[in-house]
Amino acid sequence: MPIRHTDKGWYWGSKGPFASKSKALQVARGAYASGYKEEAQMDENCCGEFVGTLLHSATLTHFMHLQTRSYAAHVALGTYYDEIVDLTDSLAEAIQGCYGMIISNYPNMFANVSSEPLEYLEGLKDYVAMKRQEMPQESNIQNEIDTIATLIDSTIYKLTFLS
């Protein structure tokens with residue numbers, strides 16, 4: 001559980017308030033030493049939406065790839081839609097393996113987005129940055145999201161500077 005500070009003092013999860021951070025940490029260490037195990041928690045709706053949005057981005061960027069008149073945008077978008085599906089698949093499998101469940105709450109529909117590739121990828125970058133905080137925080141899963149964020153940033157670079 002997280003250690004947090006409020007105007008009333010320090011908390012370890014819902015336990016507290018404690019006068020100092022070190023006291024909250026001491027309580028946490030004692031609980032873990034006594035056999036406390038934190039249950040892995042995951043918001044399946046968030047994961048389904050996140051994975052669905054990233055998979056959907058492959059189709060949308062593929063359409064943009066076919067419509068652009070810029071060779072650099074054509075290549076950048078081609079790289080993006082070629083790689084995002086495998087990266088997203090890897091992320092979904094890591095989540096499912098970590099939590100021992102299958103993500104099944106995918107959104108039924110996605111809103112139509114602008115056909116301007118740079119604008120779409122910048123919006124997707126903001127979406128990933130915002131939603132990653134709601135995703136599972138295990139480092140391996142966050143690393144998968146880092147790889148996806150890197151692909152998005154690389155594609156934005158190519159669309160911005162190589163078009």
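**Exercise 1.** What share of the contacts in the protein chain with a separation of 6 or more comes from residues 24 or more positions apart?

*Solution.* Keep in mind that this is a predicted model. Start with the layout: the protein chain has five helices and three strands, and from the N terminus they run β-β-β-α-α-α-α-α. Now take the contacts with a separation of 6 or more: residues 24 or more positions apart account for 68% of them.

**Exercise 2.** Work out whether L118 is buried or partly exposed, then find its contacts.

*Solution.* First, place the residue: L118 sits in helix α4, which spans residues 117-131. Next, check accessibility. Buried means under 20%, and L118 comes in at 21%, so it counts as partly exposed. Then look for partners beyond four places in sequence: L118 touches I156, L159 and T160. Finally, try a distance: K158 is 40 residues from L118 in sequence, yet their C-alphas are 9.4 Å apart.

**Exercise 3.** Find out how many disulfides the structure holds, and check C98 and C47.

*Solution.* The count is quick: there are zero disulfides. For C98, the nearest cysteine sulfur belongs to C47 and is 9.9 Å away. The cut-off is 2.5 Å between sulfurs, so C98 is in no disulfide. As for surroundings, C47 counts as buried because its relative accessibility is 0%, while C98, at 34%, counts as partly exposed.

**Exercise 4.** Sum up burial and surface for the protein chain.

*Solution.* Begin with burial: of the 163 residues, 36% count as buried. Then turn to the surface: the protein chain exposes about 9,700 Å², and carbon and sulfur atoms supply 52% of that area.

Key: Residues numbered from 1 in each chain as written. Predicted model: local features only at pLDDT ≥ 70, side-chain atom pairs only at ≥ 80, totals over all residues. Heavy atoms only, no water. Helix = DSSP H or I, 4+ residues; strand = E, 2+ residues; numbered from the N terminus. Buried < 20%, exposed > 50% of the residue type's maximum accessible area, 1.4 Å probe, protein only. Contact = heavy atoms within 4.5 Å. Areas by Shrake-Rupley, 256 points an atom, 1.4 Å probe, with all protein chains shown as cover.
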